[in-house]
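Student: Could we go through the packing in this model together, beginning with its nonpolar residues and then turning to a pair of helices?

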Amino acid sequence: MAAVGDHVSRHKAGDLVGVGCIVDSCQHCAECDEGLENYCDGMIGTYNAPTPDAPPGHTLGGYSQQLVVHERYVLKITHLEDQLAAVAPLLCAGITTYSPLRHWGAGPGKKVGVVGIGGLGHLGIKLAHAMGAHVVAFATSESKRTDAKALGADEVVVSRNPEEMAAHAKSFDFILNTVAAPHDLDAFLALLKRDGTMTLVGAPAAPHPSPNVFNFIMRRRSLAGSMIGGIPETQKMLDFCAEKGITADIEMIRAEEIEAAYERMLKGDVKCRFVMDIATI
Ligand SMILES: [Zn+2]
């Protein structure tokens, strides 16, 4: 942190801090009162959100050279300074997976599935494992089996293999689905036990095929969604990750590599998040 205003009490110049996906919200609605700024109608996102007060009229996210932000949206970082690049994705992908895992009670004695082993999913596996759940990772290919185990998965299921899927029928308490492409949700809903929930955090450009209603009716199952997390929970997530030694798996790139990195991201060829060093802009 470079400087603080006169009325700032939570942080001081020189502190190691971060700003996640949220730079402002209304601060007086029911959601803000509960620390769920992520669900405030007045939330201003850090990336490309309209801002009435200053040019260029929208936020610039991680491309910003400096951020001026209310102390409420500033998070304390307790990881080591040389881990900062790998901490940055925790502020988005980390809280996006941590919040639903906590909300739906991932922990000891719970069987938790994570669908997709990318930017979100790899953190979902690490976090669910650190919370003490029995973690099953769903991969689309045999080649990801070793990766998922290394991340902390107790078991790995190749979702294209019907026999492997059938072996887990009606057994999950919770499934975190991180896949951002339209796919057959029924294949995973059938794996939930009674009262189990599958929560979607991937945002596909086109809708998923509508799931079969009987998969819900027959075992009182739920399908849910979740978006990032509030500021207090983001701080809890960062502290939890620092305590457990969790960071994101990243590839650092220089500014001039952004086009090539973008093309690779579109093809899913990244392990697991690109982080750009803004000193190279
Ligand atoms: Zn609000």
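Student: Of the 42 residues in the largest nonpolar core, which touch the most other members?

Tutor: Bear in mind throughout that this is a predicted model. The largest nonpolar core holds 42 residues, and the elements that each supply at least two of them include α3 (93–103), β7 (111–115) and α9 (231–244). Within this core, the members that touch the most others are L101, I125, L127 and L238.

Student: Which helix gives the largest share of this core?

Tutor: Among the elements that each supply at least two residues are α4 (119–130), α5 (144–151) and the strands β8 (134–139) and β10 (172–177). The largest share amounts to six residues, and the helix from which they come is α4.

Student: Where does this core lie with respect to domain 1 and domain 2?

Tutor: Residues of the core come from domain 1 (17–81) as well as from domain 2 (93–225). Because both domains contribute, the core lies between them.

Student: Are α3 and α9 roughly parallel or roughly perpendicular?

Tutor: The two helices pack with their axes 10 Å apart and at an angle of about 100 degrees. Since angles of 65 to 115 degrees count as roughly perpendicular, α3 is, relative to α9, roughly perpendicular.

Student: How do the residues of the contact of α3 with α9 divide into nonpolar, polar and charged?

Tutor: On the α3 side the contact is made by G94, I95, Y98, S99 and R102, and on the α9 side by E233, T234, K236, M237 and F240. Sorted by class, these residues divide into four nonpolar, three polar and three charged.

Definitions and conventions
Residues numbered from 1 in each chain as written. Predicted model: local features only at pLDDT ≥ 70, side-chain atom pairs only at ≥ 80, totals over all residues. Heavy atoms only, no water. Core = buried A, V, L, I, M, F, W, Y, C linked by side-chain atoms within 4.5 Å. Buried < 20%, exposed > 50% of the residue type's maximum accessible area, 1.4 Å probe, protein only. Helix = DSSP H or I, 4+ residues; strand = E, 2+ residues; numbered from the N terminus. Domains from an automatic or database assignment. Axes fitted to C-alpha atoms, helices over the stretch in contact; angles between N-to-C directions. Parallel < 35°, antiparallel > 145°, perpendicular 65-115°, else oblique. Contact = heavy atoms within 4.5 Å. Nonpolar A, V, L, I, M, F, W, Y, C, P; charged D, E, K, R; others polar.
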